[in-house]
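Colleague: Could you take me through one part of this model up close? I'd like to hear about a single helix and whatever sits around it.

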Amino acid sequence: MKDFDYRIVEEAAKQTYIRALCDLPPDVRAALKKAYDRETKPTARSVFEAIFRTIEIADRDKTLICQDTGLPIYKVKIGSAFPWNGARIKKCLYEGAKRATLEFPFRSSSTHPLTRVNPQTSVGVGLPVIYWDFQEDSDTLDILMAPKGSGSENMSKMQMFYPAHGVKALKKFVLDAVVESGANPCPPGIIGVGIGGTADLVVKLAKDAILRPVGRRNPDPQIAAMEEELEEAINATGRGPMGLGGDVSTLAVHIEMAYTHITQNPVAVNTQCWPARRARAVIRPDGSVEYGY
Amino acid sequence: MAEYHLKSPFSEEEIRKLRAGDIVTFDGLLFGIRDLTQIYMFDQNHEPPVSLAGAPCIHTAPSLRKAGDKWEKICVGTTTSTRMERFTPELIRRYGVRAIIGKGGLYQGSLDAMVKYGAVYLAIVGGSAALETRQIEEVEAVYWEHLHPEALYQFRVKNFGPLTVAMDSHGRHLYEEVKAEAVRRLPEIYKKLGV
């Protein structure tokens, strides 16, 4: 453990932020293509065509897809056989996000909530957002990075229903939230839904949901069925790409679930824009790094 | 749906031809403005040092870099327009702006001004900064530099778009129409969901 060079983690934190901003994951590209193929409205098709040209330019020029560099989020999963120092990893994520911003360089989107002073580093008190998790039978440090833009994040919603409201209240809440959000979250993206847990956990579950590869269903068949049902309902509204009307209003609905209190029935929605950006680094104890999504 | 390729600045006649749902691309002059630009203009009474007549204005806070006297583009994207509603009717009435480019649309006050004076709202594809940046040929001038990244920017663009006419000078508002249609369909969708 003494020998592990933590500069590798800092570099991975930096690289994943830059990669996420410039290189859209293959599952998102495939979902956009599939959506375009079934879209029939001419204005909506022109939105998709602009999207594809944007992705092409970002690929070729290694440039930012969207100017909103978002707030940096890191989901860290530590394998049981990975030698680690949590405090060091935390510091590396902070420094890596800051270095990505200053060295690429790109706009810092973080700011003090009262003074509104932007430190120009993308980090600050409470940032980057870091989630920790652990994995049995693994010797890797898995870092998933997601820059979260504000157009979609500003459309987040949470509600504590009662058990008496039933599952139908959750479904209506999700559908109404999407209809209300219109063009703001740059649709068609991913609708992340959290159900169950506590007030804080349900929102975190909705965030987990948008970070899942597009279209990968929840392993619980009952929840997977609800995902399909809500997808169909949202697309039936005709809101369309960029809220300008069309057949495709969302690429996918993803739901994550946790057990909740016997008196509670919480739901949360976290939307993701069409540039559903994320990047991954898998680090091994020998210091090798594999980049992916 | 018609497609148009225009040259800016625009004439009233050209703009009156555009109907909600049409697709527009254009070459020429484009101004970049944002919240602070307009607070400076309208709340603090500063006259723009350049004529905006006939021009399109895009809601943006561009990433630029200054090399000597010259400004170079890094990344130019578009922000949500609704925050700019308060200023837009005056921007159209007083300065003769003929097109507002943004995402998400504006409200009734802006639509009324568009009908009265001949202007449109052109919806850009949000999140497509890489494409927009490519279509900007040059940053010709930055006025009120101390407000950067919310100054007044003068760009020259080529094949800028595609843009969808989302609010036209005949009173049509595409976002509102699409939303009204979604609301009309909701009872049936609720029924199917069992809610």
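Modeller: Here is a walk along helix H3 of chain A, then outwards to the neighbouring parts. Keep in mind that this is a predicted model.

Let's start with the helix itself. H3(A) has 20 residues, which at 1.5 Å a residue should span 28 Å, and its end C-alpha atoms are 29 Å apart, so the two agree. Which residues of H3(A) are buried? They are Thr43(A), Ala44(A), Ser46(A), Val47(A), Phe48(A), Ala50(A), Ile51(A), Thr54(A), Ile55(A) and Ala58(A). The cover over these buried residues comes from both chains: it includes helix H1 (7-22) and helix H2 (26-38) of chain A, together with strand E2 (23-33), helix H5 (129-135) and E9 of chain B.

Right after H3(A) comes Lys62(A), with a positive phi near 50°. Most residues other than glycine have a negative phi, and that makes this spot worth a look. Lys62(A) sits in the loop that runs from helix H3 (42-61) to strand E1 (71-79) of chain A. Is Lys62(A) buried or exposed? Lys62(A) is exposed, because it has 11 other C-beta atoms within 10 Å and a residue counts as exposed at 12 or fewer.

Now for the contact between the chains. It takes 41 residues from chain A and 37 residues from chain B. On the side of chain A that touches chain B, the elements giving two or more residues are H3, helix H6 (166-181) and helix H8 (221-236) of chain A. H3(A) gives the most to that side, with 10 residues. By type, the residues on this side of chain A divide into 20 nonpolar, 13 polar and 8 charged.

H6(A) is the next element to look at. Its 16 residues should span 22 Å at 1.5 Å a residue, and the end C-alpha atoms lie 24 Å apart, which agrees. Buried residues of H6(A) include Leu170(A), Phe173(A), Val174(A), Leu175(A) and Val178(A), and Lys171(A) and Lys172(A) are buried too. What do the buried residues of H6(A) pack against? In chain A the partners are strand E4 (157-161), strand E5 (190-195), H8 and strand E7 (265-272), and from chain B there is helix H6 (174-193). Just past H6(A), Gly182(A) takes a positive phi of about 55°.

Going over to chain B, E9 was part of the cover on H3(A). Asn159(B) lies in strand E9 of chain B, and its phi is near 50°, a positive value in a residue other than glycine. Asn159(B) is exposed, with 12 other C-beta atoms within 10 Å. There is also a cis peptide bond between His148(B) and Pro149(B), with omega about 10°. Pro149(B) is in the loop between strand E8 (136-143) and strand E9 (152-167) of chain B.

Chain A has a cis bond as well: Leu127(A) and Pro128(A) are joined by one with omega of about 0°. Pro128(A) is in the loop between helix H4 (86-103) and strand E2 (129-135) of chain A. That strand belongs to an open sheet of 5 strands in chain A, ordered E2-E1-E3-E8-E9, with mixed pairing. E2 and strand E9 (289-292) of chain A stand at the edges with a single partner strand each, so one side of each is left without a neighbour in the sheet. From one strand to the next, the twist averages 15°. Inside the sheet, E3(A) and strand E8 (residues 279-283) of chain A run antiparallel and are joined by 5 bridges. Asp142(A) stands opposite Val282(A) in E8(A).

Finally, the domains. Chain A is divided into domain 1 (7-23 + 65-149 + 277-292) and domain 2 (151-272). Their centres, taken over C-alpha atoms, are separated by 25 Å. The contact takes 7 residues from domain 1 of chain A and 4 residues from domain 2 of chain A. On the domain 1 side, strand E3 (residues 141-148) of chain A gives the most, with 3 residues. The residues of that side divide into 2 nonpolar, 1 polar and 4 charged.

Notes
Residues are numbered from 1 along each chain as its sequence is written. Chains are lettered from A and ligands numbered from 1 in the order in which they are written. This is a predicted model: local features need pLDDT of at least 70, side-chain atom pairs count only at pLDDT 80 or more; totals for chains, interfaces and linings use all residues. Helices (H or I, at least four residues) and strands (E, at least two) are DSSP runs, numbered from the N terminus. A residue is buried if 20 or more other C-beta atoms lie within 10 Å of its own, exposed if 12 or fewer, and partly exposed in between; C-beta atoms are placed from the backbone. Two residues are in contact if their C-beta atoms, placed from the backbone, lie within 7 Å. Ala, Val, Leu, Ile, Met, Phe, Trp, Tyr, Cys and Pro count as nonpolar, Asp, Glu, Lys and Arg as charged, and the others, Gly among them, as polar. The expected span of a helix is 1.5 Å times one less than its number of residues. Domain bounds come from an automatic or database domain assignment. Two strands pair if DSSP finds at least two bridges between them. Axes are lines fitted to C-alpha atoms, for helices over the stretch in contact, and angles run from 0 to 180 degrees between N-to-C directions.
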